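Welcome! Below are a few short exercises, each followed by a worked solution. Have the structure open beside you and try each task before reading on.

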Amino acid sequence: MKQQLENIRQQALSALDSASSPEALEELRVRLLGKKGELTTVLKQMGKLSPEERPVMGQLANSVRAAIEEKLEQRKADIHAAVLEAKLKAEAVDVTIPGEAVALGHQHPMNMVLQEIKDIFIGMGYQVIDGPEVELASYNFTRLNIEEGHPSRDRSDTFYFTDDDSVLLRTQTSPMQIRAMENTQPPICILAPGRVYRKDEADATHSPMFHQIEGLVVAENVTMGDLKGALITMIRRLYRDDAVIRFRPHHFPFTEPSCETDMRCHKCHGTGEVDGQVCSTCHGEGWIEILGAGMVHPDVLRGCGIDPEKYSGFAFGIGLERMAMSRLRINDLRLIFDNDIRFLNQF
Ligand code: DAH
């Protein structure tokens, strides 16, 4: 039995030495020390020994068990350290490899132009305000002097929410004039940019959603000259100091007199031609229409509780996409909304 125990010790220690994984160690532990393990099997034969031999063998068996257990612990620690080492090596990060650059975005080109325009008007003392896109028909039409039956109220042009046509997606930013005036007495000097909606098919110059920038100034002695001054200032800052605008008589129900304002084409300088070809920016017109404007109608002032005998005002509505297109030389409106990264990266 002594020999048996010595054999177990020797073989166990060398087997443990060559075990190289936690699984192999566990297998050995069961095989050596388990209930049906080698050591237990030998100890079961203790009964056959003489009373003198028994304590000697018992002591030997204990020392074999202790040696195996000690070795087991030591190998466990060794293997754990080796596994960790291997893992660290495998997952090592080479901090000297150049990183992948994160592509930084930037403002959308249309918002760049909006920001420029806002800055210019803020510089002239305007306050920028925001208002609802879901609007009451009374603000979008009625209080702007747009009577029942006016073509722009038609269901084929306007997105309505209710059967009685009282709630809609605003078709213009002009209802912001009413919102600005109804609870405030002059002086009023606001700029209201935002989205507007019309039932238009999308093409190179139309989109069912687009942006306008409404401007409104109401105070004592405001004249059409002030309107002209404000718009010339805006155009010259946005384009160049010699930019030219013209006013064409027009009709809007909420302004009187009303006009449309064109900017002399910055590409062909009003000639309509570039290198003998029809100018692609103004299509040979020499002028680019940029906004509608006029002097606020006395009835609109009165409807907001402002005395038209005391106060007068001007208003304008700029088409933002149109401004952005000519400012950034974009030839198709849809490019502004497609958000193709190849397009956006050019700005
Ligand atoms: N709201 C008009 C449109 O969508 C544009 C406009 C014209 C705005 C004259 C104004 C204005 O403020 O005075 O066509």
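## Exercise 1: The sheet

This predicted model has an open sheet of seven strands with mixed pairing, in the order β1-β4-β5-β11-β10-β7-β6.

**Task.** Find which strands stand at the edges of the sheet, and what that leaves on one side of each.

**Solution.**
- Step 1. Read the two ends of the strand order: it starts with β1 and finishes with β6.
- Step 2. β1 (127-128) and β6 each have a single partner strand, so one side of each has no neighbour in the sheet.
- Step 3. Now look at how β1 is held: it pairs with strand β4 (residues 188-197) in the parallel sense, over two bridges.
- Step 4. To place one of these contacts, go to Gln-127, whose bridge partner in β4 is Ile-190.

## Exercise 2: Around the ligand

**Task.** Describe the shell of residues that surround the ligand, and say how much of the ligand's accessible area the protein covers.

**Solution.**
- Step 1. Start with the count: 15 residues surround the ligand, and the closest are Gln-172, Ser-174, Arg-198, Gln-212 and Glu-214.
- Step 2. Sort the shell by type, which gives five nonpolar, eight polar and two charged residues.
- Step 3. Pick out polar atoms facing each other. A polar side-chain atom of Gln-172 lies 2.6 Å from a nitrogen atom of the ligand. The side chain of Gln-177 has an N or O atom 2.9 Å from an oxygen atom of the ligand. For Glu-214, a side-chain N or O atom is 2.6 Å from an oxygen atom of the ligand.
- Step 4. Turn to the cover: on its own the ligand has 360 Å² of accessible area, and the protein covers 90% of this.
- Step 5. Finally, ask which elements give two or more residues to the shell: they are β5 (209-219), β10 (287-296) and β11 (312-319). These three also appear in the strand order of the sheet from Exercise 1.

## Exercise 3: Salt bridges along the chain

**Task.** A search of the whole structure finds 21 salt bridges. Take the pairs Arg-65 with Glu-69 and Arg-143 with Glu-182, and work out where the partners sit in the chain.

**Solution.**
- Step 1. The side chains of Arg-65 and Glu-69 meet at 3.7 Å, N to O. Both residues belong to helix α4 (residues 53-90) and are four residues apart, about one turn of the helix.
- Step 2. Arg-143 and Glu-182 form their salt bridge at 3.0 Å, N to O. This pair links distant parts of the chain, 39 residues apart: Arg-143 is in the loop between α6 (137-140) and β3 (167-169), while Glu-182 is in helix α7 (residues 175-182).
- Step 3. Check the exposure of the second pair: Arg-143 has a relative accessible area of 27% and is partly exposed, and Glu-182, at 24%, is partly exposed too.

## Exercise 4: A linked network

**Task.** Are Arg-248 and Asp-262 buried or partly exposed, and which network do they belong to?

**Solution.**
- Step 1. Locate the salt bridge: the side chains of Arg-248 and Asp-262 meet at 2.7 Å, N to O. Arg-248 lies in strand β6 (residues 245-252) and Asp-262 in strand β7 (residues 255-264), 14 residues apart.
- Step 2. Apply the cut-off: buried means under 20% relative accessible area. Asp-262, at 2%, is therefore buried, whereas Arg-248, at 25%, counts as partly exposed.
- Step 3. Widen the view: salt bridges link Arg-246, Arg-248, Glu-260 and Asp-262 in a network.

Methods
Residues are numbered from 1 along each chain as its sequence is written. This is a predicted model: local features need pLDDT of at least 70, side-chain atom pairs count only at pLDDT 80 or more; totals for chains, interfaces and linings use all residues. Side-chain values use heavy atoms; hydrogens and water are left out. A residue is near a molecule or strand if one of its heavy atoms lies within 4 Å of it. A polar contact is a pair of N or O atoms within 3.5 Å; within protein, one must be able to donate a hydrogen and the other to accept it, and residues adjacent in sequence count only if both atoms are side-chain atoms. Accessible areas come from the Shrake-Rupley method with a 1.4 Å probe; for residues, only the protein chains shown count as cover. Ala, Val, Leu, Ile, Met, Phe, Trp, Tyr, Cys and Pro count as nonpolar, Asp, Glu, Lys and Arg as charged, and the others, Gly among them, as polar. A salt bridge is a side-chain nitrogen of Lys or Arg within 4 Å of a carboxyl oxygen of Asp or Glu. Buried means under 20% relative accessible area, exposed over 50%, partly exposed in between (1.4 Å probe, protein chains only). Two strands pair if DSSP finds at least two bridges between them.
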